[in-house]
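Work through the exercises below with the sequence and the model open. Each task is followed by a stepwise solution.

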Amino acid sequence: MIRKYLKVIFLVLLMGIPPFLSAQEKKPKVVVVLSGGGAKGIAHIPFIQTLDSLGIVPDLVIGTSMGSVVGGLYAMGYSGDSIASIAMSANWDHLLSGNLSLSDVSVEEKSEFKRYLAELDLRKGKPKLNSALINDQNLREFLSILTYPAYRINDFDNLAIPYRAIATDIVNGREVIIDGGSLLVAMRASMSIPSIFKPMPYENTLLVDGGILNNFPVDVAKDMGADIIIGSDVGGGMAPKENLDNLGTILFQTGMLASNLKNPENRELCDILIDHIPNLTYSTGDFAKSKEIYEEGKIATIQNMDALAALADELKDYPKKSHE
């Protein structure tokens, strides 16, 4: 028995692992959760940059809606600085219009081009309202280029960092945790805001924005065995009565009701909560204010710097995973 024990100590020393780690359990599973929030999701980026600077590489990234886009790029191997550069240089008006430019429209059609909020198609001689206000062609092309390096990866556990995207099955009324297939499809499905973007076909059903049922899916991280959860939340929660003064805000609050009701419990599950909500002054659609939202995203990250640095110090003696 003594000889066997000495052999283990010898192997530990030979491998260069500190002896005290041999008596500990395996490295704690660190999971990063990024909420949905449209343009406000750009506030996640300074947090990702801080993880890079501290050398914290999570064991899993989970994202909803815009959080799934930022999280998916990060999981692929993009650095926080690269994601910031992408967000700042993107032509969001072009990406979210999905329409032809005016120069591509014939002279006869110019007077009617883009005059209406919604258009009707004629199908079998009957008018039918389109299922979405935005044609997502430009956005899909943009995401396709960004995710091209991962097009051969069908199992999201094989990305640089394992990844999950949260979407909502609008046919069967259930939450869907996407763990494989096309990364482009996963991102795009997770951010399919009903009536704004068309639902995404997926395994004989249709997926819409994950924020409908779970905008800040910390409970998913817990269910997947997370030991330490770092959550970055840009969602706004329930709007007060005085703000529910038009059709848009009422419909939005109604659509997000189930998610908003579970959000406080999900926030409580975080070991470190990067709460951007008090600092964000722009709305979900303010992509033109990307630089300003990015700057606002630094505030909550800095407020949690001590906790993040302490975590980095706690993890430094464990083998470090490469983020490439």
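A salt bridge here is a side-chain nitrogen of Lys or Arg within 4 Å of a carboxyl oxygen of Asp or Glu. The model is predicted.

**Exercise 1. Salt bridges across the chain**

Task: How many salt bridges does this rule give? Then place the pair formed by Asp59 and Lys27.

Solution.
1. Apply the rule. The count comes to eight salt bridges.
2. Take the pair. The side chains of Lys27 and Asp59 meet at 2.8 Å, N to O.
3. Locate both ends. Asp59 sits in the loop between helix H2 (44–54) and strand S2 (60–64), and Lys27 in the loop between helix H1 (2–14) and strand S1 (30–34), so the salt bridge ties together parts 32 residues apart in sequence.
4. Check accessibility. Asp59 is partly exposed, at 22% relative accessibility. Lys27 is partly exposed too, with a relative accessible area of 23%.

**Exercise 2. Buried or exposed partners**

Task: Is Asp169 buried or exposed? Classify its partner Arg174 as well.

Solution.
1. Confirm the contact. The closest N and O atoms of Asp169 and Arg174 are 3.1 Å apart, and the two form a salt bridge.
2. Recall the cut-off. Buried means under 20% relative accessible area, and exposed means over 50%.
3. Apply the cut-off to Asp169. Its relative accessibility is 0%, so Asp169 counts as buried.
4. Apply the cut-off to Arg174. Its relative accessible area is 42%, so Arg174 is partly exposed.

**Exercise 3. A helix-to-helix link**

Task: Which elements are linked by Lys262 and Asp219?

Solution.
1. Start with the distance. The side chains of Lys262 and Asp219 form a salt bridge at 3.0 Å, N to O.
2. Assign the elements. Lys262 is in helix H11 and Asp219 in helix H9 (residues 218–223). The pair is 43 residues apart and links distant parts of the chain.
3. Add accessibility. Lys262 has a relative accessible area of 25%, so it is partly exposed.
4. Look for a network. Asp233, Arg267 and Asp275 are linked by salt bridges.

**Exercise 4. The enclosed space**

Task: Describe the largest cavity and its lining.

Solution.
1. Count. One cavity of 30 Å³ or more is present.
2. Size. The largest cavity has a volume of about 160 Å³.
3. Find the centre. The lining has 17 residues, and the closest to the centre are Met66, Val69, Leu73, Trp92 and Phe142.
4. Assign helices. H3 (66–76), H4 (80–89) and H6 (137–147) each supply at least two lining residues.
5. Classify. The lining has 17 nonpolar residues, with no polar and no charged ones.

**Exercise 5. The open space**

Task: Which helix gives the largest share of the lining of the largest pocket?

Solution.
1. Size. The largest pocket holds about 1300 Å³ of space.
2. Find the centre. Of its 44 lining residues, Ile193, Phe252, Met256, Thr284 and Gly285 are the closest to the centre.
3. Screen the helices. H8 (211–214), H10 (247–255) and H11 (257–268) each supply at least two lining residues.
4. Pick the main contributor. H10 gives the largest share, six residues.
5. Classify. The pocket lining has 21 nonpolar, 20 polar and three charged residues.

**Exercise 6. A surface patch**

Task: Which residues form a nonpolar patch on the surface?

Solution.
1. Name the members. Ile170, Val171 and Leu206 form the patch, with about 250 Å² of accessible area together.
2. Place one of them. Leu206 is found in strand S8 (residues 205–209).
3. Check its accessibility. Leu206 is partly exposed, at a relative accessible area of 33%.

Key
Residues are numbered from 1 along each chain as its sequence is written. This is a predicted model: local features need pLDDT of at least 70, side-chain atom pairs count only at pLDDT 80 or more; totals for chains, interfaces and linings use all residues. Side-chain values use heavy atoms; hydrogens and water are left out. On a 1 Å grid over the protein atoms alone, a cavity is a set of points where a 1.4 Å probe fits but cannot get out, and a pocket is an open set with protein on both sides within 12 Å along at least five of seven lines; lining residues have an atom within 4 Å of a point. Grid points are joined across faces, edges and corners, and a volume is the space filled by probe spheres set on the points. Helices (H or I, at least four residues) and strands (E, at least two) are DSSP runs, numbered from the N terminus. Ala, Val, Leu, Ile, Met, Phe, Trp, Tyr, Cys and Pro count as nonpolar, Asp, Glu, Lys and Arg as charged, and the others, Gly among them, as polar. Patches are made of residues with over 30% relative accessible area and no salt bridge: like charges are joined within 9 Å, nonpolar side chains (Val, Leu, Ile, Met, Phe, Trp, Tyr) within 5 Å. Accessible areas come from the Shrake-Rupley method with a 1.4 Å probe; for residues, only the protein chains shown count as cover. Buried means under 20% relative accessible area, exposed over 50%, partly exposed in between (1.4 Å probe, protein chains only).
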